[in-house]
Amino acid sequence: MIGDIIVTNVLASAGLVLLVYFFDINEKEPPWTLVKVYICSILLTFVFGKLKYFLFTHYEWQFSVLFENYIIAGFFEELLKLLVILIF
(Lines give C-alpha, C1' and ligand atoms only; values in the text may rest on other atoms or scores of the structure.)
Protein backbone atom coordinates (compact mmCIF):
# COMPACT_ATOMS: atom_id res chain seq x y z
CA MET A 1 0.00 0.00 0.00
CA ILE A 2 2.81 2.43 0.84
CA GLY A 3 4.46 1.62 -2.48
CA ASP A 4 1.27 2.55 -4.32
CA ILE A 5 1.13 5.88 -2.53
CA ILE A 6 4.75 6.66 -3.36
CA VAL A 7 4.32 5.73 -7.02
CA THR A 8 1.15 7.83 -7.25
CA ASN A 9 2.85 10.87 -5.69
CA VAL A 10 5.92 10.59 -7.90
CA LEU A 11 3.83 10.23 -11.06
CA ALA A 12 1.57 13.14 -10.11
CA SER A 13 4.58 15.36 -9.45
CA ALA A 14 6.18 14.31 -12.74
CA GLY A 15 2.95 15.18 -14.54
CA LEU A 16 2.94 18.65 -13.02
CA VAL A 17 6.56 19.20 -14.03
CA LEU A 18 5.77 18.16 -17.59
CA LEU A 19 2.74 20.47 -17.67
CA VAL A 20 4.89 23.40 -16.55
CA TYR A 21 7.51 22.59 -19.16
CA PHE A 22 5.18 22.10 -22.13
CA PHE A 23 2.71 24.91 -21.42
CA ASP A 24 5.25 27.57 -20.52
CA ILE A 25 5.00 29.84 -23.56
CA ASN A 26 6.88 32.99 -22.59
CA GLU A 27 10.15 31.82 -21.08
CA LYS A 28 10.96 28.13 -20.82
CA GLU A 29 12.99 27.03 -17.84
CA PRO A 30 15.89 24.72 -18.54
CA PRO A 31 14.92 21.07 -18.08
CA TRP A 32 17.71 20.60 -15.54
CA THR A 33 16.19 23.26 -13.28
CA LEU A 34 12.82 21.51 -13.40
CA VAL A 35 14.47 18.20 -12.55
CA LYS A 36 16.25 19.78 -9.55
CA VAL A 37 13.00 21.27 -8.29
CA TYR A 38 11.24 17.95 -8.80
CA ILE A 39 13.87 15.95 -6.89
CA CYS A 40 14.15 18.50 -4.07
CA SER A 41 10.38 18.65 -3.60
CA ILE A 42 10.14 14.86 -3.44
CA LEU A 43 12.99 14.65 -0.92
CA LEU A 44 11.57 17.44 1.22
CA THR A 45 8.09 15.91 1.37
CA PHE A 46 9.64 12.53 2.19
CA VAL A 47 11.58 14.06 5.09
CA PHE A 48 8.44 15.88 6.26
CA GLY A 49 6.49 12.62 6.16
CA LYS A 50 9.11 10.87 8.27
CA LEU A 51 9.18 13.79 10.73
CA LYS A 52 5.39 13.80 10.96
CA TYR A 53 5.33 10.04 11.54
CA PHE A 54 7.98 10.35 14.27
CA LEU A 55 6.15 13.17 16.05
CA PHE A 56 2.77 11.47 15.87
CA THR A 57 4.07 8.14 17.18
CA HIS A 58 6.58 9.49 19.70
CA TYR A 59 4.31 12.09 21.30
CA GLU A 60 1.10 10.16 20.57
CA TRP A 61 -0.66 13.13 19.01
CA GLN A 62 -4.25 12.38 18.16
CA PHE A 63 -6.10 14.35 15.48
CA SER A 64 -9.08 13.55 13.35
CA VAL A 65 -8.30 11.86 10.07
CA LEU A 66 -9.73 14.79 8.11
CA PHE A 67 -7.57 17.33 9.96
CA GLU A 68 -4.45 15.18 9.72
CA ASN A 69 -4.78 14.44 6.00
CA TYR A 70 -5.90 17.80 4.69
CA ILE A 71 -4.45 20.37 7.07
CA ILE A 72 -1.28 18.86 8.45
CA ALA A 73 -0.17 16.74 5.52
CA GLY A 74 -1.64 18.63 2.58
CA PHE A 75 -1.00 22.20 3.64
CA PHE A 76 2.52 21.73 4.92
CA GLU A 77 3.66 19.48 2.06
CA GLU A 78 2.43 21.98 -0.50
CA LEU A 79 4.03 24.80 1.47
CA LEU A 80 7.36 22.96 1.38
CA LYS A 81 7.03 22.48 -2.39
CA LEU A 82 6.33 26.20 -2.77
CA LEU A 83 9.45 27.01 -0.76
CA VAL A 84 11.53 24.80 -3.07
CA ILE A 85 10.14 26.62 -6.11
CA LEU A 86 10.80 30.03 -4.54
CA ILE A 87 14.39 29.04 -3.73
CA PHE A 88 15.10 27.94 -7.30
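How far apart are the end C-alpha atoms of helix H2, and what span should its 28 residues have? Before I answer, let me say that this is a predicted model, in which local features need pLDDT of at least 70 and side-chain atom pairs count only at pLDDT 80 or more, while totals for chains, interfaces and linings use all residues. Residues are numbered from 1 along each chain as its sequence is written, and side-chain values use heavy atoms, with hydrogens and water left out.

Helices here are DSSP runs of H or I with at least four residues, numbered from the N terminus. The expected span of a helix is 1.5 Å times one less than its number of residues, so for H2, residues 31-58, the span should be 40 Å, and the end C-alpha atoms are indeed 40 Å apart. After H2 comes glutamate 60, which has a positive phi, near 55°.

Staying with H2, its buried residues (buried being under 20% relative accessible area, exposed over 50%, and partly exposed in between, with a 1.4 Å probe and protein chains only) are Leu34, Val37, Tyr38, Ser41, Thr45, Phe48, Lys52 and Phe56.

Next, the second largest pocket, whose volume is about 370 Å³. Of its 15 lining residues, Val17, Val20, Val37, Tyr38 and Ile85 are the closest to its centre. A pocket here is an open set of points on a 1 Å grid over the protein atoms alone, where a 1.4 Å probe fits, with protein on both sides within 12 Å along at least five of seven lines, and a lining residue has an atom within 4 Å of a point; the volume is the space filled by probe spheres set on the points, which are joined across faces, edges and corners. Helix H1 (2-23), H2 and H3 each supply at least two lining residues, and H2 gives the largest share, with five.

Lastly, two aromatic residues. Tyrosine 21, in helix H1, counts as partly exposed because its relative accessibility is 28%, and its C-alpha atom is separated by 7.6 Å from that of proline 31, ten residues along the chain. Phenylalanine 75 lies in H3, residues 65-87, and is also partly exposed, because its relative accessible area is 48%; C-alpha to C-alpha, 29 Å lies between phenylalanine 75 and isoleucine 25, which are 50 residues apart in sequence.
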